[in-house]
Amino acid sequence: MTWAVVPAAGRGRRFGGEVPKQYLPILGRTVLHHALERLALHPRVRGLVVVLAADDARWPGWRELHGKPVLACTGGEERADSVLAGLRALPDTVRERDWVLVHDAARPCLRHDDLDRLLDHGMAHGVGAILAAPVRDTLKRARANGEIAGSEPRDGLWRAFTPQLFRRATLTRALESALLAAAAITDEAMAIERLGLRPMLVEGAEDNLKITTPGDLALAEYVLARLGRPG
Ligand code: CTP
Ligand code: MG
């Protein structure tokens with residue numbers, strides 16, 4: 001049984017609008033509600049820590065979801081600050097070597113079979129693992145004026161998703177070290193890589209999309225309508 005930390009303290013600048021994207025509705029529930037619920041309904045998830053912006057007035061104050069405890073804490077300026085706050089808010093029953101999942105509030109379409117494979121492969125590997133998918137499109141480097149400067153080989157390149165699975169103490173140490181060094185990190189694996197550790201890539205469904213711009217909301221609605229409730 002694994003706890004999950006769900007960073008939901010972002011402002012959604014690329015999405016725009018007054019309401020942060022994690023609080024926009026899809027099929028009658030907020031994006032955050034979908035993300036938390038799909039985790040809570042998984043039999044191997046023990047509990048949830050949701051990380052909120054300091055001025056968040058929209059959090060419904062849930063203390064549990066589908067029988068799983070839900071704890072809330074306050075995040076920080078960067079995603080790494082928020083995830084670190086979430087790790088510190090985990091209960092003491094989560095020990096240093098225990099595994100912890102980190103999952104974006106903005107990814108409401110997680111499939112249970114992907115989460116199962118992530119847990120199996122990450123724990124078997126020892127360092128941890130992330131869901132990801134190989135890059136399929138041809139990659140172009142752009143000039144400032146929008147012309148193509150050249151093409152980049154895509155061999156061996158993957159797109160990093162969440163959830164990402166690491167041991168509590170290792171991830172805490174990795175994020176503290178990255179923040180201390182002011183290293184720009186955009187996911188948890190980058191912080192782990194900085195320590196010289198090499199987590200596994202576990203291929204997951206590409207429809208585990210992160211809502212980033214308004215067009216993604218309609219896509220996520222389509223995916224969720226087809227997936228139905230997990231379990
Ligand atoms: N996040 C967070 N704390 C931050 C920044 C981001 O908890 N300081 C969370 C977001 O709420 C989101 C996840 O991390 O669930 C992934 O981040 P992203 O998609 O970049 O969301 P935002 O940072 O909100 O969006 P943007 O970068 O467009 O401002
Ligand atoms: Mg962001």
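Trainee: Which residue of β11 is the bridge partner of Pro-134?

Mentor: The model under discussion is predicted. In it, β8 and β11 pair in the antiparallel sense, with 6 bridges between them. In β11, Pro-134 has as its bridge partner Trp-158.

Trainee: Which residue in β11 does Trp-99 stand opposite?

Mentor: Strands of a sheet pair through backbone hydrogen bonds, and the sense may be parallel or antiparallel. Here β7 and β11 run antiparallel and are joined by 4 bridges. In β11, the residue opposite Trp-99 is Arg-167.

Trainee: What is the order of the strands in the open sheet?

Mentor: The sheet has 8 strands and mixed pairing. Its edge strands, each pairing on one side only, are β5 and β12 (200–203), and these must stand at the two ends of the order. The order is β5-β6-β4-β1-β7-β11-β8-β12.

Trainee: At the β5 edge, which residue in β6 does Glu-64 stand opposite?

Mentor: β5 is an edge strand. It runs antiparallel to β6, and 2 bridges join the two strands. Across from Glu-64 in β6 is Pro-69.

Trainee: How many of the residues of β11 are buried?

Mentor: A residue counts as buried when its relative accessible area is under 20%. By that criterion β11 is mostly covered. Of its 10 residues, the number buried is 7.

Trainee: Which peptide bond is cis, with omega near 5°?

Mentor: Most peptide bonds are trans, which makes a cis bond worth noting. The proline of the bond in question, Pro-163, is found in strand β11. With omega near 5°, the cis bond is the one from Thr-162 to Pro-163.

Trainee: In which loop is Leu-27, with its positive phi, found?

Mentor: Most residues other than glycine have a negative phi. Leu-27 has a phi near 50°, a positive value. Leu-27 is partly exposed, because its relative accessible area of 46% lies between the limits for buried and exposed. The residue is found in the loop between β2 (25–26) and β3 (29–30).

Trainee: What is the relative accessible area of His-66?

Mentor: His-66, too, has a positive phi, near 50°. This residue is found in the loop between β5 (64–65) and β6 (68–74). It is partly exposed, with a relative accessible area of 38%.

Trainee: Which residues have the most contacts inside the largest nonpolar core?

Mentor: The largest nonpolar core has 28 residues. Strands and helices that each supply at least two of them include β1 (2–8), α1 (31–40), β4 (45–52) and α3 (112–125). Leu-48, which falls in β4 (45–52), is in contact with residues including Trp-3, Leu-36, Leu-65 and Val-70, with neighbours within four places in sequence left aside. The residues with the most contacts inside this core are Leu-32 and Leu-48.

Trainee: How many of the residues of α1 are buried?

Mentor: Helix α1 supplies at least two residues of the largest core. Among its buried residues are the polar or charged His-33, Glu-37 and Arg-38, as well as Leu-32 and Leu-36. Of its 10 residues, the number buried is 10.

Trainee: What is the distance in space, C-alpha to C-alpha, between Ile-192 and Arg-38?

Mentor: Ile-192 has its place in helix α5 (residues 188–194). It is buried, because its relative accessible area is 0%, and it touches residues including Val-127, Phe-166, Leu-171 and Pro-199. Ile-192 and Arg-38 are 154 residues apart in sequence. In space, C-alpha to C-alpha, they are separated by 26 Å.

Trainee: Which residues come nearest to ligand 1?

Mentor: There are 18 residues around ligand 1. The residues that come nearest are Ala-9, Gly-12, Arg-13, Arg-14 and Ser-82.

Trainee: How much of the accessible area that ligand 1 has on its own does the protein cover?

Mentor: Backbone atoms contribute polar contacts: oxygen atoms of ligand 1 are 3.3 Å from a polar backbone atom of Ala-8 and 2.7 Å from one of Arg-13. A nitrogen atom of ligand 1 lies 2.9 Å from a backbone N or O atom of Glu-77. On its own, ligand 1 has 560 Å² of accessible area. The share of this area that the protein covers is 88%.

Definitions and conventions
Residues numbered from 1 in each chain as written. Chains lettered and ligands numbered in written order. Predicted model: local features only at pLDDT ≥ 70, side-chain atom pairs only at ≥ 80, totals over all residues. Heavy atoms only, no water. Core = buried A, V, L, I, M, F, W, Y, C linked by side-chain atoms within 4.5 Å. Buried < 20%, exposed > 50% of the residue type's maximum accessible area, 1.4 Å probe, protein only. Contact = heavy atoms within 4.5 Å. Near = heavy atom within 4 Å. Polar contact = N/O pair within 3.5 Å; in protein donor to acceptor, adjacent residues only side chain to side chain. Areas by Shrake-Rupley, 256 points an atom, 1.4 Å probe, with all protein chains shown as cover. Pairing = 2+ DSSP bridges.
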